[in-house]
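Let's take a walk through a structure together. Keep the view open beside you and turn it as you read.

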Amino acid sequence: MVDVAQADQDERLKKESFGTRLLRRPELGAMAGLVLVTAFFLYTADSAMFTLSGIINFMTPAAQLGILAIGAAMLMIGGEFDLSIGSMVAFAGLIFGACVVTMGLPLVIAIPITLVVAGAIGAFNGSVVLKTGLPSFIVTLAFLFILRGASLVGLKLASDGSTQLRGVREAVGNDWLAPLFAGDAFGPLFLWLGERGWIETFNNGTPKVTGIPVEILWFIALTAVATYVLLRTPFGNWIFAAGGDRNAASNSGVPVRRVKISLFMFAACCGALVAIITVMDTGSTDARRGFMKEFEAIIAAVIGGCLLTGGYGSAIGAFFGAIIFGMVTIGLTYTNFDQDWFQVFLGGMLLIAVLFNNYIRKRVTGER
Amino acid sequence: MAQDTSFHHGDAPADVAPILEMRDIEKHFGNIIALAGVSFDVRPGECHCLLGDNGAGKSTFIKTMSGVHKPTIGTITIGGKPMNFASPREAMEAGIATVFQDLAMIPLMSVSRNFFMGREPTTGSGPFKRLDVDRMNDITMTHMREMGINLRAPDQAVGTLSGGERQTVAIARAVYFGAKVLILDEPTSALGVRQTSNVLATIDRVRKQGVGVVFISHNVRHALAVGDRFTVLNRGKTLGTAARGEISPDELQDMMAGGQEMAQLEGSLGGTV
């Protein structure tokens, strides 16, 4: 009754062009955006922007945001939001500062404590969302305020009435773990490059860029690990599945709860990592750290091709999204434009990205 | 559907022990009794149709069979061993595969990622354990071709497939993972004529491999086309089981609808339902 044997090639399928296949990559939009933004600044900005020191200059804030954006992107692919990661930066900063300054703990204890506290809060967020079935948007919005407020109160307690806690640098001193989380890496290499005259130096011979700030290395490493997990491990497949359709995934045996809670924990730990790096870098922590960063991280993830509905996106996209962000924030100071155009630009990018992503989703799913 | 008789109805010997047996299953949700004592079994190589109108308790019963719900009262045995599933995963590991109406397919994901969702093959070990992407793609392409579907590429998104093709992917997936019992929830309800025939042929092919098929439907004609036995569910209870040839389509139809009323309705419609 059925002739299952069809012609080898279905005559109704049009051949896909290389362009269409490229369009299906989630990170394409962010890459195109980066090219556009780079072109814009090459044309309008002072040439100093694209020297080595200029690049490091915009890559540093890009990396700090990017670490958050990777966490936010993974969570969004898994179908959830976390609006509390910005406040988490302040709160984890408080925990870390209190451990190091008030209690005088070495980094090897202080850093794990900070990550565990952040992870526990992430896990709590996740379990509330999953238990109640409430949108993660509203649950984590509550934590945006709870953590911000707790940071203020906690800082006042730890520093006798101030909203800043200083003296981290002195407390850390020459801790053997410090180079992993603060300062610049590859110093000797840059010194050597400077001696050779291959990179710019000051008149006294020291290179203008003394190394690569560690946050940039963390940023790149996290992007690589996240991409590997998403594309090459079963857990990555579960993330896409949990975000794409929770019921379908759990009916297929994907441990959706475990996946989503791990993602909440990962996002919170990304916030804590940014906190540790920035606190070590500036030597102090204050309650306004990470203000509005949750939105910026989500915007970077969306520019990077993550769908708001989950199940689609990439870590590489978020990587480029964060770089676009850093480039625009810092880049405008190299131009004659008023720096406050930044927000207008950002909103515009977000709108274009959402429209583009929506179009892409329809292409991928074959919706019409 | 004259060719339908080419199916090998009744080849499964009636004295073979059932693979899956459900005894006096009751399921209560609060004060609602969704199932009030349902018994049902499947033998290897047969297609047992579970018929019932909307609200008869079919969905609840399937979900109980596949480990989504725990029965309030009653026993489930597989190959004579009592089972107590805590999750769909456990039921799957015991050999019960369910193809739900939503097919458990994620449109944004590729066919091969969907095919292996939740049971991904890996290669390497320790921290280098990773997806065996080549094998995933190979197996997906091969099995889809066997089922008569030519994919453009294994990374084609499921969203681009037709309803019948998705159904076939879901069935192929279940069989590949060693299903002993395959539960199909209304597999033909949203399909066109040709796609329905394709799915019915797939059911026949699967049955010939010795898999017990539970075919849930409210379409008597589709059920009669492939079924070996028929059980009618009404208001949370079974109205009895009949083997093929023991019951006429009209009788089945009446039992599903609850008799009396339907007879009147049917009279006014000239017997076209």
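## Finding your way around

B:Cys49 stands opposite B:Phe215 in β10(B). That one facing pair is a handy way into chain B, so to speak, and the model you are looking at is a predicted one. The two strands behind the pair are β3 (residues 47-52) and β10 (residues 212-217) of chain B, and they pair in the parallel sense over five bridges.

Now zoom out a little. Those strands belong to an open sheet of six strands in chain B, with the order β6-β9-β10-β3-β11-β12 and mixed pairing. At the edges stand β6 (96-99) and β12 (237-243) of chain B, each with a single partner strand, so one side of each has no neighbour in the sheet. The twist from one strand to the next averages 20°.

Two helices of chain B to look for here pack on this sheet. Helix α1 (residues 58-65) of chain B touches β3, β6, β9 (181-185), β10 and β11 (229-234) of chain B, and its direction makes about 155° with that of β9(B). Helix α5 (residues 163-176) of chain B touches β6 and β9 of chain B, and its direction makes about 175° with that of β6(B).

Next, follow β9(B). How many of the five residues of β9(B) are buried? Five of the five are, so this strand is largely enclosed by the rest of the structure. B:Val181, B:Ile183 and B:Asp185 point one way from the strand, while B:Leu182 and B:Leu184 point the other way, and all are buried.

β9(B) also has a strand on either side in the sheet order. With β6(B), β9(B) pairs in the parallel sense over four bridges, and there B:Ala97 stands opposite B:Leu182. With β10(B), β9(B) runs parallel too, joined by five bridges, and B:Leu182 has B:Val213 as its bridge partner in β10(B). To get from β9(B) to β10(B), the chain crosses through helix α6 (residues 193-208) of chain B, and this β-α-β crossover is right-handed.

Now for a residue further along chain B. B:Met256 sits in helix α8 (residues 249-257) of chain B. Is B:Met256 buried or exposed? It counts as buried, because it has 22 C-beta neighbours inside 10 Å and the cut-off for buried is 20 or more. Leaving out residues up to four places away in sequence, B:Met256 touches B:Leu51, B:Gly52, B:Asp53, B:His218, B:Val232 and B:Asn234. Take B:Gly52 from that list: it is 204 residues from B:Met256 along the chain, yet the C-alpha atoms of the two are separated by 5.2 Å.

Contacts between distant parts of the sequence turn up in the totals as well. Of the contacts in chain B with a separation of 6 or more, 69% are between residues 24 or more positions apart. Chain B has nine helices and twelve strands, and 47% of its 273 residues count as buried.

Let's hop over to chain A, starting with helix α5 (residues 107-132) of chain A. At 1.5 Å a residue, its 26 residues should span 38 Å, and the end C-alpha atoms are 37 Å apart, which agrees. Among the buried residues of α5(A) are A:Leu107, A:Ala110, A:Ile111, A:Thr114, A:Leu115 and A:Ala118. An α-helix has 3.6 residues a turn, so residues three or four places apart point the same way. The buried residues of α5(A) pack against α4 (85-102), α6 (136-159), α7 (168-172), α8 (178-181) and α13 (256-282) of chain A. Just after α5(A), A:Gly133 takes a positive phi of about 75°.

You can run the length check again on helix α10 (residues 214-232) of chain A. Its 19 residues should span 27 Å at 1.5 Å a residue, and the end C-alpha atoms are 26 Å apart, which agrees. The buried residues of α10(A) include A:Trp218, A:Phe219, A:Leu222 and A:Ala226.

Finally, how far can you trust the picture? The model scores ipTM 0.79 and pTM 0.82. Chain B has a mean pLDDT of 81, with 89% of its residues at 70 or more. Over residues 1-6 of chain B, though, pLDDT stays under 50, and the model has five contacts beyond four places in sequence for them. Where pLDDT is low, the predicted coordinates should not be read in detail.

Definitions and conventions:
Residues numbered from 1 in each chain as written. Chains lettered and ligands numbered in written order. Predicted model: local features only at pLDDT ≥ 70, side-chain atom pairs only at ≥ 80, totals over all residues. Pairing = 2+ DSSP bridges. Axes fitted to C-alpha atoms, helices over the stretch in contact; angles between N-to-C directions. Contact = placed C-beta atoms within 7 Å. Buried ≥ 20, exposed ≤ 12 C-beta atoms within 10 Å, placed from the backbone. Right-handed = clockwise from strand over helix to strand, strands pointing away. pLDDT = per-residue confidence, 0-100. Expected span 1.5 Å × (residues − 1).
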